[in-house]
Amino acid sequence: MPEPFVKTTSRVIPIPRSNIDTDQICPARFLKITDKANLADALFFDWRFTPDGARRVPPSFIDEPHNAGRQILLVGDNFGSGSSREHAPWALRAWGIRAIVSTSFADIFKGNALKNALLPIVVTPERLAALQKLVAANLDGEWTVDLEAQKVTLPGGDTFDFEIDPFARTMILAGTDEIGYVLSRLPAIEAWEAAHPARIDTTHA
Amino acid sequence: MAEKPRTLVEKIWDSHVVASEPGAPAILAIDLHLVHEVTSPQAFTGLRERGAKVRKPGQTVATADHSIPTLDPSLPILDELARKQLAQIEENCREFGIPFYGKGSPTRGIVHVIGPELGLTQPGMTIVCGDSHTATHGAFGALAFGIGTSEIEMVLATQTLLQRKPKTFKVEVTGSLQPGVGAKDIILALIARIGVGGGTGHVFEYTGDAIRALSMEARMTLCNMSIEGGARAGLVAPDETTFAYLKGRKFAPQGAAWDEAAARWRELPTDEGATYDQSIVIDGDKLEPMVTYGTNPGMGVPVTGRIPSPADVEPGNRDELERALAYMGLEAGKPIAGQKLDVVFIGSCTNGRIEDMRVAASVLHGRHVADGLRVLVVPGSQQVKAQAESEGLDKVFTAAGAEWRESGCSMCIAMNGDQLEPGQYGISTSNRNFQGRQGKGGRSFLASPLTAAASAVTGVITDPRTLTPTAPQAMSVVAAQPSAVAAHASEAH
């Protein structure tokens, strides 16, 4: 069962790149696991290490020493494009990321993130540019992301509101599982199935 | 009062909403759930932890495709993690009663190839799979999309999903395709125009004369890459081409049930006067064979084109293009044709079907692949493999110096040992050219099977329209991508 999540305060890791795809977030060769262990190590792996396995110099974003422990990513447009692998949000969460700020997120990634209490925070292109400037000027400023209030508080006290799927918000605030919600509607599902016979039977050889 | 005209997507959506409560996403019934070894293990673990069963094993089917080697299946699997993952899916399917097409099964294959091939994929269905290329099944007029592992567990446990209604995006391709141009070129051209995030929040519906003229397999190629344009699904309304493909397949309705189903399917196409949230028109007559130069599928140009220069793009995209060209080791302004290659990969859920094999064979027939080039031909399923072998296509490939393999995802995702080496250049009929996608440090060009096969002959990226035909008439005729055949025919004069 996930833990409830309400808000967090953290410094920010800026990654000023657009279209960061799931193969960058978690390369496919790390998908051979059958559990969720050790995924923090896979996060942005090929950005962090050369094909020979040496750590890149200078270190890539999350490997910069001052970024250790930070929980908020500030990234360019269309974060999480590509594959449906939930290993991407698992890896981000395992590393410690709780919120990602961008102008847009790929649909499947966004859904997967919300199911793992990883907040996709959508801002306008103008705000993104302003936030990037803010972070560049004050790399150690702390932001507070408050899911309950749907508000981000910036260093100095400025705030902005963000939209999030209200159902996902409720689930994350309560630490509740969506499967439990749907199973509690089983009578409605059974009624629908009674009126709509299955189109196929894969067990019929 | 007349009913409000609806789109294909809206009709499928409306007929599958089980419940819709204020403040919550709809509970959407799922007709078919496809499962593979990579994204499902943690979902089965979740089921066990909650003591749940698979609610509808008869609407679920599993296969092994991503991490399975494409070498001789009698050889042991040396990769311990892959071996464990493949054993796990078998075990999970046994425990939960799910039909499994595993190693040794004549109907095993890439999940998006076997669904249609077995007749499991049918018009009007909702179809999901823990794989973003589930969009492929939209070729039949099904609402098919990729889901994450939490959602896999949801579907296993409930046979439903919580979903918000997607927006609709009409993609109209007018006219008719020129010789040498096919479905892969349409989709690469679309993504080059709208960008990899252009369809976010939407579902594509492909319409227009050029789409109607496509075979089912070509429509699958098209719909397959909808996700590369940001759309979780992409559909083509069912028509006589769809019905002709489906009829007689193993899980397709038979007899009276067929007639009843076909009548239902004929009601699916978008009503006249229905509106879409967005739309785009592409002139099919003007399309050329496409090839990508960069590190996402939107970075594509006609094969006659040049690699763009960062100076020519909008300032906001400049850094991304510079990084892409640096990774690819390419020079801005140079023609893309003539670029040297190390590897050619023909296969994947995008282009691993029998028509793709025929097209590639029609080019390689009587020719040899360029010196020093590695050419890998990987059928999308064991049935595709058997069919190709019955037509002698495997002999064409091996005689040309290409490798002919067992079916699987192979070098598209590079999880099974088939991969580019760091720095290598590969032209690939697959769907993603992301950094490292086909092997760490590997550099990918996406193209059609026709362009890939032509490039295999020359060893450099090649406009397929510049090659003269070598295949006997019979092979050209069965090469079902009509444009490919026409290309050869027109050059024969």
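**Figure 1. Helix 13 and helix 16 of chain B pack in a roughly parallel arrangement.** In this predicted model, helix 13 (residues 354–364) and helix 16 (residues 449–458) of chain B pack at an angle of about 30 degrees, and their axes are 9 Å apart. Angles under 35 degrees count as roughly parallel, and the two helices are therefore described in that way. Helix 13 of chain B passes helix 16 of chain B in a right-handed crossing. On the side of helix 13 of chain B, the contact is made by D356(B), V359(B), A360(B), V363(B) and L364(B). Helix 16 of chain B contributes P449(B), L450(B), A453(B), A454(B), A456(B) and V457(B). By class, the residues of this contact comprise 10 nonpolar, no polar and one charged.

**Figure 2. L364(B) is a buried residue of helix 13 of chain B.** The close-up is centred on L364(B), which lies in helix 13 of chain B. L364(B) counts as buried because 27 C-beta neighbours lie inside 10 Å, where 20 or more are required. When residues up to four places away in sequence are not counted, L364(B) touches V396(B), F397(B), A400(B), A402(B), A453(B), A456(B) and V457(B). Among these partners, A453(B), A456(B) and V457(B) belong to the helix 16 side of the contact between helix 13 and helix 16 of chain B. Y245(B) is 119 residues from L364(B) in sequence, and the C-alpha atoms of the two residues are 27 Å apart in space.

**Figure 3. The largest nonpolar core of the model has 160 residues.** Within this core, the residues with the most contacts are V344(B), L364(B), A453(B) and A456(B). Helix 6 (residues 183–194) of chain B supplies the largest share of the core, namely nine residues. Another core, of 43 residues, lies apart from the largest one and includes I20(A), C26(A), I97(A) and I108(A).

**Figure 4. Helix 14 of chain B packs through buried residues against three other helices of chain B.** Helix 14 of chain B spans residues 382–390, and its buried residues are Q382(B), Q383(B), V384(B), K385(B) and A388(B). These buried residues pack against helix 4 (111–117), helix 13 and helix 15 (393–399) of chain B. After helix 14 of chain B comes G392(B), which has a positive phi near 80 degrees.

**Figure 5. Helix 2 and helix 5 of chain B cross obliquely.** The two helices pack at an angle of about 50 degrees, with their axes 8 Å apart. Helix 2 and helix 5 of chain B are therefore oblique to each other, and their crossing is right-handed. From helix 2 of chain B, the contact involves Q42(B), A43(B), G46(B) and L47(B). From helix 5 of chain B, it involves T149(B), I152(B), E153(B), L156(B) and A157(B). The residues of this contact divide into five nonpolar, three polar and one charged.

**Figure 6. Chain B and chain A meet through 63 residues of chain B and 48 residues of chain A.** Several elements of chain B each supply at least two residues of the side that touches chain A. The strands concerned are strand 1 (17–19), strand 2 (26–29), strand 4 (60–63) and strand 8 (160–163) of chain B. The helices concerned are helix 2 (41–49), helix 3 (80–96) and helix 5 (149–158) of chain B. Helix 5 of chain B provides the largest share, six residues. By class, the side of chain B that touches chain A has 27 nonpolar, 26 polar and 10 charged residues.

**Figure 7. I62(A) is a buried loop residue of chain A.** I62(A) is placed in the loop between helix 3 (45–48) and strand 3 (72–75) of chain A. With 20 other C-beta atoms within 10 Å, I62(A) is buried. Leaving aside neighbours within four places in sequence, the contacts of I62(A) are with I13(A), L43(A), F44(A), N67(A) and W95(A). L73(A) is 11 residues from I62(A) along the chain, and their C-alpha atoms are separated by 9.6 Å.

**Figure 8. Chain A contains nine helices and eight strands.** The C-alpha atoms of chain A fill a box of roughly 60 × 45 × 30 Å along the principal axes. Of its 205 residues, 40% count as buried. Among contacts in chain A between residues at least 6 apart in sequence, 67% link residues at least 24 apart.

Note on methods:
Residues numbered from 1 in each chain as written. Chains lettered and ligands numbered in written order. Predicted model: local features only at pLDDT ≥ 70, side-chain atom pairs only at ≥ 80, totals over all residues. Contact = placed C-beta atoms within 7 Å. Helix = DSSP H or I, 4+ residues; strand = E, 2+ residues; numbered from the N terminus. Nonpolar A, V, L, I, M, F, W, Y, C, P; charged D, E, K, R; others polar. Core = buried A, V, L, I, M, F, W, Y, C linked by C-beta atoms within 7 Å. Buried ≥ 20, exposed ≤ 12 C-beta atoms within 10 Å, placed from the backbone. Axes fitted to C-alpha atoms, helices over the stretch in contact; angles between N-to-C directions. Parallel < 35°, antiparallel > 145°, perpendicular 65-115°, else oblique. Left-handed = near helix turned anticlockwise from the far one by under 90°.
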